[in-house]
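Open the model in your viewer and set it to cartoon, with side chains hidden for now. The stops below are meant to be taken in order.

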Amino acid sequence: MSDESSNGTAQICIDLFAGLGGFSSAFEESDEWTVYTVEINDEFDPDLCADIYELRPTDLLELIGLDREQIDVLVVLASPPCPEFSTAGNHDHWDFDTQTPIHSDARQAIALVYHTLGLIKALAPDYWFLENPQGRLRWFLGQPTGQVTYCQYGRPYMKRTDLWGEHPPMTYRRCQRGSKCHTANVEYDGTSATRVLGNTKAERSKVPLDLSASIRNAVDDVVENPPPEQTTLLARADGGNARQRDTNVDNGGER
Ligand SMILES: C[S@@+](CC[C@H](N)C(=O)[O-])C[C@H]1O[C@@H](n2cnc3c(N)ncnc32)[C@H](O)[C@@H]1O
């Protein structure tokens, strides 16, 4: 697997908790990106079969075979397991008043998310996305950066999904309660609603290709058309405003 895309730059996407690879599927389809999948279950044939809780940042860079500085654009996608955070079950694992875990599985689920965030922060990717169905993870990570519903990305099931992270400018598509764009929703149909997503657990938790594509397109757009360098508004003693580039500029005299 080459680490350089067809335009000669190293554009790397790491897919953590890759499962069937839905989250990174659009990156996989592109010649510009090299994808590395990490997953505990070897049935999914990941590039690295490992318990993410056991990994160090250097393990991920060794997988890629590059130093961080050699990677031109790094995107990390992460889909930590949701059963403890989903509002559909495991109610007896949580104290709802204090929003704290009271069961070892819930504790481990939180520790795994924070460990994942630690790996992400250590790699300092250009962009990262951590997804989970709307639920208890908000108790820990706060309001998500974006919210989507899968029916807006080609799925029959609504599935409200939260996306945290550092995102490029992008549109988050979501439908409204009562809309007719989806045929099933857990609120109306109970947990059986998820059956329309597939027969296996892995199929049901697969991130839609359209969502992956909208993330990749947003990253590609910002890589191809970087925003102008940031400017700072300087308040002037005379009450006027002067724009100055954020970088150190030798004024070379009065402005
Ligand atoms: C929500 S699913 C991922 C869905 C995937 N993003 C997709 O689009 O197909 C979570 C995955 O995390 C894996 N997993 C669970 N615990 C893990 C761990 N500690 N380390 C690595 N993978 C883990 C599961 O086997 C499962 O495939």
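The tour runs from the sheet to a helix and ends at the ligand.

The coordinates come from a predicted model.

**Stop 1: the sheet.** Select the strands. Seven of them form an open sheet, and reading across it gives the order β3-β2-β1-β4-β7-β9-β8, with mixed pairing. At the edges stand β3 (48-49) and β8 (146-149); each has a single partner strand, so one side of each is left without a neighbour in the sheet.

**Stop 2: strand β4.** Select residues 73-78, which make up β4. Is this strand mostly covered or uncovered? It is mostly covered, since five of its six residues are buried.

**Stop 3: the two neighbours of β4.** Add residues 11-16, strand β1; β1 and β4 pair in the parallel sense over six bridges. To follow the register, label I14, whose bridge partner in β4 is V76. Then label L16, whose partner in β4 is A78. Now add residues 127-133, strand β7, which pairs with β4 in the parallel sense over four bridges. Here A78 appears again, with L130 as its bridge partner in β7.

**Stop 4: helix α3.** Select residues 104-123, the 20 residues of helix α3. Draw a distance between the end C-alpha atoms: they are 29 Å apart, which agrees with the 28 Å that these residues should span at 1.5 Å a residue.

Next show side chains on the helix. Which residues of α3 are buried? They are A106, A109, V113, T116, L119 and I120. These residues cover an arc of only 145° around the axis, which puts them on the same side of α3. An α-helix has 3.6 residues a turn, so residues three or four places apart point the same way. Turn the view to the other side of α3, where S104, A111, Y114 and K121 are exposed.

Step just past the end of the helix and select A124. Its phi is positive, at about 45°.

**Stop 5: the ligand.** Finally, select the ligand and its surroundings. How many residues surround the ligand? There are 21, and the closest are F17, G19, G22, I40 and S79. Colour this shell by class: twelve of its residues are nonpolar, six are polar and three are charged.

Definitions and conventions: Residues are numbered from 1 along each chain as its sequence is written. This is a predicted model: local features need pLDDT of at least 70, side-chain atom pairs count only at pLDDT 80 or more; totals for chains, interfaces and linings use all residues. A residue is near a molecule or strand if its C-beta atom, placed from the backbone, lies within 6 Å of it. Ala, Val, Leu, Ile, Met, Phe, Trp, Tyr, Cys and Pro count as nonpolar, Asp, Glu, Lys and Arg as charged, and the others, Gly among them, as polar. The expected span of a helix is 1.5 Å times one less than its number of residues. A residue is buried if 20 or more other C-beta atoms lie within 10 Å of its own, exposed if 12 or fewer, and partly exposed in between; C-beta atoms are placed from the backbone. The arc is that of the directions from the helix axis to the C-beta atoms. Two strands pair if DSSP finds at least two bridges between them.
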